[in-house]
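Student: Could you take me through the hollow spaces of this model, and then through the parts of the chain that bear on them or stand apart from them? I would like a careful account that keeps the confidence of the prediction in view.

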Amino acid sequence: MLLATMVAVAPLADPAHAALDRLIGCWEAPGEVMGKQVRTRVRAAWRLGGRYLLLESHGLDPADPYDAAIVLGDHDKTRVSGWWMDSFGAGYSAAGQGAVADGTIAVDYAYPDALYANRLAPDGKGWRWTIVERKPDGSEKPFASYRLTPGACGDVKFAF
């Protein structure tokens, strides 16, 4: 019985796992991508026995469709690994590395032309998700930002 209790609470003692766990559910996620206003819905759920979090993003504008699936996992209380896949195809997918500090999930995805620094920071009952593009020459600029607030998934058809 004691072992079962220890196993059940172990993930909660892990700050990275706890931060990822706080993302579970459906979120309204309006924001801006490359200067353009977007409407997005996000859903997060544990997969493979709580070892990976699948974060799905679905654009709500049928004239400008976009879907992304981000798989995140913690492997030592602070470090996080991720894989970004989206509707642009496999050539635009990337592995990410990062960490969790003070509840903020920070994962950087390296692409050939730039590094994309993703930050998911707790913000009230929701999250502030920012993505900064960092070029090899040291320049950087905002790429995207979203404000996630609790919502319902409704009849949204997520890709995964």
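Tutor: What follows begins with confidence, goes on to the cavity and the pockets, and ends with the disulfide and a few loop residues.

The model is predicted, and its protein chain has a mean pLDDT of 90, with 92% of the residues at 70 or more. Confidence is not even along the chain: strand β11 (residues 126–134) has the highest value, at 98, while helix α1 (residues 2–9) has the lowest, at a mean of 41. Over residues 1–11 the pLDDT is below 50, and this stretch has 2 contacts in the model beyond near neighbours in sequence.

With that in mind, we can turn to the enclosed space. The structure holds 1 cavity of 30 Å³ or more, and the volume of the largest cavity is about 60 Å³. Its lining is made up of Leu55, Ile70, Leu72, Ile105, Val107, Tyr109, Asn118, Arg119, Leu120 and Trp129. At least two of the lining residues come from each of β6 (67–74), β9 (104–110) and β10 (115–123). In terms of residue class, the lining of this cavity comprises 8 nonpolar residues, 1 polar residue and 1 charged residue; Asn118 and Arg119 are among the residues that line the space.

The open spaces come next. The largest pocket holds about 800 Å³ of space, and 31 residues line it, with Val33, Tyr66, Asp86, Phe88 and Phe143 lying nearest its centre. Several strands take part, since β3 (36–38), β5, β6, β7, β10, β11 and β12 each supply at least two residues of the lining of the largest pocket. This lining divides into 20 nonpolar, 5 polar and 6 charged residues.

The second largest pocket holds about 180 Å³, and the residues around it are His17, Gly50, Arg51, Tyr52, Val71, Leu72, Gly73, Asp74, His75 and Ser81. Strand β6 gives the largest share of that lining, with 4 residues. By class, the lining of the second largest pocket has 3 nonpolar, 5 polar and 2 charged residues. Leu72 appears in the lining of the largest cavity and also in the lining of the second largest pocket. Strand β6 likewise supplies residues to the cavity, to the largest pocket and to the second largest pocket.

Away from these spaces, the covalent cross-link deserves a separate look. A search of the whole structure finds 1 disulfide, which joins Cys26 to Cys153 with an S to S distance of 1.5 Å. Cys26 belongs to strand β1 (residues 25–28) and Cys153 to the segment after β12 (140–150), so the pair ties together parts that are 127 residues apart in sequence. The link of Cys26 and Cys153 is left-handed, with -85° about the S-S bond, and both cysteines are buried.

The loops that follow strands β3, β4 and β6 complete the picture. In the loop between β6 and β7 (79–86) we find Lys77, whose phi is near 80°, a positive value in a residue other than glycine. Lys77 counts as partly exposed, at 48% relative accessibility. Thr78 lies in the loop between β6 and β7 as well, and with a relative accessibility of 36% Thr78 also counts as partly exposed. Leaving aside neighbours within four places in sequence, Thr78 is in contact with Ala16, Gly98, Ala99 and Val100; in addition, the C-alpha atoms of Thr78 and Asp14 are 7.6 Å apart, although the two residues are 64 residues apart in sequence.

Leu48, in the loop between β4 (40–47) and β5 (52–59), has a positive phi too, near 50°, and is a residue other than glycine. Its relative accessible area is 61%, so Leu48 is exposed. Arg39, finally, sits in the loop between β3 and β4 and counts as exposed at 54% relative accessibility. Not counting residues up to four places away in sequence, Arg39 touches Ala29, His58, Gly59, Leu60 and Asp61. The last of these, Asp61, is 22 residues from Arg39 along the chain, and 6.8 Å separates the C-alpha atoms of the two.

Note on methods. Residues numbered from 1 in each chain as written. Predicted model: local features only at pLDDT ≥ 70, side-chain atom pairs only at ≥ 80, totals over all residues. Heavy atoms only, no water. 1 Å grid on protein atoms, 1.4 Å probe; cavity = no way out; pocket = protein on both sides within 12 Å on 5 of 7 lines; lining within 4 Å. Points joined across faces, edges and corners; volume = space filled by probe spheres on them. Nonpolar A, V, L, I, M, F, W, Y, C, P; charged D, E, K, R; others polar. Disulfide = S-S within 2.5 Å. Buried < 20%, exposed > 50% of the residue type's maximum accessible area, 1.4 Å probe, protein only. pLDDT = per-residue confidence, 0-100. Contact = heavy atoms within 4.5 Å.
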